[in-house]
Amino acid sequence: MLYHLHEMQRAFLTPLAAFTDASSQLFSNPYSPLAYTPLSRQLAASCELIHRLGKEYQKPAWGLPATQIDGKHVEVKETVALAQPFCRLVHFERAVRRNDPRVLLVAPLSGHHATLLRDTVRALLPDHEVYVTDWVDARMVPLAAGPFHLNDYVRYIQDFIRHLGPDVHVISVCQPTVPVLAAVSLMATAGDAQQPRSMVMMGGPIDPRQSPTQVNRLATTKPHSWFENQLIDTVPARYPGAGRRVYPGFLQHAGFVAMNPDRHLKSHYDFYLDLLRGDDSDAEAHRRFYDEYNAVLDMPAEFYLDTIRIVFQEFQLPNGTWKVGKQTVKPADIKQVALLTIEGELDDISGQGQTRAAISLCSGIPAARKQHYTAKGCGHYGIFSGRRWRELICPKIAEFIRQA
């Protein structure tokens with residue numbers, strides 16, 4: 001029902017968004033005579049703000065056509081190395097061949113598209129062969145593909161690791177730290193020769209009991225049935241995934257905004273002022289951020305509900321009770337894979353100690369092959385995007401990978 005109401009709202013707002021977009025151009029384009037009338041700048045700014053509040057945001061492009069290697073411009077081609085119904089393994093293929101470490105960057109399946117890690121990929125590209133899990137919007141996956149559970153996510157990671165070979169280094173950001181640790185644990189238990197060379201785990205809920213945040217408290221104060229009854233809906237008929245049960249992206253987006261409403265309100269007001277002042281650089285930065293932030297995807301209902309129960313309510317990974325199929329997940333069985341955990345000092349999504357818990361769970365890894373790093377002054381997004389990521393965290397990861 002919620003999804004159909006949302007579609008009705010979209011049908012109403014789409015003409016308004018188109019009208020305000022055209023009006024903004026009429027009052028701002030230097031070739032338009034209306035751009036030189038009184039109040040033209042105020043009208044153009046107001047129309048663009050309304051347009052951006054009402055438009056539908058599509059998945060952004062990666063926008064990484066090139067990189068710099070040893071001071072030289074090198075073209076980058078985006079290819080699909082392996083395709084599964086719910087995920088594409090994207091390879092950022094550089095035009096030069098170098099013996100650089102192969103990296104599997106596991107993006108979160110938690111509302112935003114994998115392109116949220118664009119800055120992560122950009123910083124890794126000069127010195128690594130980068131592959132990224134590009135998750136498919138569940139509303140675009142036909143029902144014939146079947147359901148997608150958290151355990152299926154674990155199997156996908158294993159498939160990608162085996163596809164890339166035993167020399168691969170796995171970097172997981174936020175939510176996937178849990179299924180990545182499970183995937184490698186199961187491979188270690190089975191004596192799989194295709195285990196990765198190293199794991200880098202960044203800002204993830206390995207043990208959400210440590211320093212619980214607002215996100216953790218929501219999961220523990222509501223019964224599992226509440227999430228299923230209040231947040232799960234069915235994809236409407238106009239999409240390829242019609243009939244599939246999902247956690248809709250628009251509900252996730254509403255939750256993101258509700259966590260910091262004052263910050264978003266101020267950001268949009270500042271954007272309006274930047275347009276009035278003609279501050280194009282700040283206005284463009286706002287557009288880039290919200291083009292990414294407002295582009296959300298639907299999650300399969302099975303995966304979302306499994307994550308709530310297994311990760312955030314029953315703490316099955318740290319308790320040692322998680323089974324994938326008939327196999328118990330035992331991180332202590334990992335012995336050969338090097339481990340680096342990274343946390344942000346100011347992370348309000350995954351609190352202090354939640355990611356570091358992997359160090360103690362992976363008791364079979366020698367102490368010399370385990371490291372932890374806390375990024376000072378860093379929030380959740382700062383550990384994989386922005387200046388601190390580029391100048392402090394990425395170099396540390398690169399050094400760790402080469403040591404491994």
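Start by selecting S350 and G203 in this predicted model: the S350 side chain comes to 3.1 Å from the backbone oxygen of G203. To get your bearings, S350 lies in the loop that links β13 (338-344) with α13 (357-361). Is S350 buried or exposed? With a relative accessible area of 4%, under the 20% limit, S350 counts as buried. Now show what surrounds it. Setting aside neighbours within four places in sequence, the contacts of S350 are G203, G204, P205, T213 and H380.

Next, bring up the largest nonpolar core, a set of 95 residues. Which residues have the most contacts inside this core? Colour F92, L104, M202, W322 and I397 to see them. Then add helix α5 (residues 177-189), which supplies the largest share of this core with nine residues. For a second, separate core, select A45, L49, F271 and A283, which are among its six residues. Nonpolar side chains in soluble globular proteins tend to be buried together.

Return to W322 and display its contacts beyond four places in sequence. Among them are V178, P179 and A182, along with L150, N151 and V154. I310 is another contact of W322, and I310 is also one of the buried residues of α11.

That leads to the last stop, helix α11 (residues 301-313). How many of its 13 residues are buried? Eleven are, so you will find this helix mostly covered. The buried set includes F303, Y304, L305, V311 and F312, and also the charged-letter positions E302 and D306. Finish just past the end of α11 at F315, where phi is positive, at about 50°.

Note on methods
Residues are numbered from 1 along each chain as its sequence is written. This is a predicted model: local features need pLDDT of at least 70, side-chain atom pairs count only at pLDDT 80 or more; totals for chains, interfaces and linings use all residues. Side-chain values use heavy atoms; hydrogens and water are left out. Buried means under 20% relative accessible area, exposed over 50%, partly exposed in between (1.4 Å probe, protein chains only). Helices (H or I, at least four residues) and strands (E, at least two) are DSSP runs, numbered from the N terminus. A polar contact is a pair of N or O atoms within 3.5 Å; within protein, one must be able to donate a hydrogen and the other to accept it, and residues adjacent in sequence count only if both atoms are side-chain atoms. Contact means heavy atoms within 4.5 Å. A nonpolar core is a set of buried Ala, Val, Leu, Ile, Met, Phe, Trp, Tyr and Cys residues joined through side-chain atoms within 4.5 Å.
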